[in-house]
Amino acid sequence: MTTGLTKRATCPDCKNFSLQRGRDSYGCFVCGAKWVVNWRKDRRVKRTIVSRFAAGQPTSTAPKAA
């Protein structure tokens, strides 16, 4: 069985175990993705990617304004 910590710290992109950066933010040292998780530890883990690295350039996953 996987623990909540393992689910929270597993990169949603490359599935590597990664580093916690803040109370609810994580960053992958392999692919460069950054994500946040829900702060309630007694709930289902929800990971939301806030940025990714593509070809060495950071990109945001936020929708662009038209």
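Start at a turn in this predicted model. Strands β2 and β3 form a hairpin with 6 residues between them, and in this hairpin Gly32 takes a positive phi near 85°.

Now follow the two strands away from the turn. Strand β2 covers residues 25–27 and runs antiparallel to β3. The two are joined by 3 bridges. Within this pairing, Ser25 stands opposite Val36 of β3.

Look next at the side chains of β3, which spans residues 34–37. They alternate along the strand. Trp35 and Val37 point to one face, and both are buried. Lys34 and Val36 point to the other face, and they are not buried.

Where do the buried residues Trp35 and Val37 lead? Both belong to the largest nonpolar core. This core has 8 residues, and its other members are Ala9, Cys11, Tyr26, Cys28, Ala33 and Ile49. There is a general pattern behind such groups: in soluble globular proteins, nonpolar side chains tend to be buried together.

Pick out one core member, Cys11. Leaving aside residues up to four places away in sequence, Cys11 touches Asn16, Ser18, Cys28, Cys31, Ala33, Trp35 and Arg47. Among these partners, Cys28, Ala33 and Trp35 are also listed in the core.

Move on to Lys15. This residue sits in the loop between α1 (4–9) and β1. Lys15 has a positive phi of about 65°, although it is not a glycine. Most residues other than glycine have a negative phi. Is Lys15 buried or exposed? Its relative accessibility is 56%, so Lys15 counts as exposed, the cut-off being over 50%.

After the loop comes strand β1, residues 19–20, which holds Leu19. Leu19 counts as partly exposed because its relative accessibility is 43%. Leu19 also belongs to a nonpolar patch on the surface, together with Phe29 and Val30. The three residues have about 300 Å² of accessible area together.

Finally, step back to the whole chain. The protein has 1 helix and 5 strands. Read along the sequence, they follow the pattern α-β-β-β-β-β. The protein has 66 residues, of which 23% count as buried. It exposes about 5000 Å², and carbon and sulfur atoms supply 56% of that area. Contacts tell how distant parts of the sequence meet. Among contacts with a separation of 6 or more, 19% come from residues 24 or more positions apart.

Definitions and conventions: Residues are numbered from 1 along each chain as its sequence is written. This is a predicted model: local features need pLDDT of at least 70, side-chain atom pairs count only at pLDDT 80 or more; totals for chains, interfaces and linings use all residues. Side-chain values use heavy atoms; hydrogens and water are left out. Patches are made of residues with over 30% relative accessible area and no salt bridge: like charges are joined within 9 Å, nonpolar side chains (Val, Leu, Ile, Met, Phe, Trp, Tyr) within 5 Å. Accessible areas come from the Shrake-Rupley method with a 1.4 Å probe; for residues, only the protein chains shown count as cover. A salt bridge is a side-chain nitrogen of Lys or Arg within 4 Å of a carboxyl oxygen of Asp or Glu. Helices (H or I, at least four residues) and strands (E, at least two) are DSSP runs, numbered from the N terminus. Buried means under 20% relative accessible area, exposed over 50%, partly exposed in between (1.4 Å probe, protein chains only). Contact means heavy atoms within 4.5 Å. A nonpolar core is a set of buried Ala, Val, Leu, Ile, Met, Phe, Trp, Tyr and Cys residues joined through side-chain atoms within 4.5 Å. Two strands pair if DSSP finds at least two bridges between them.
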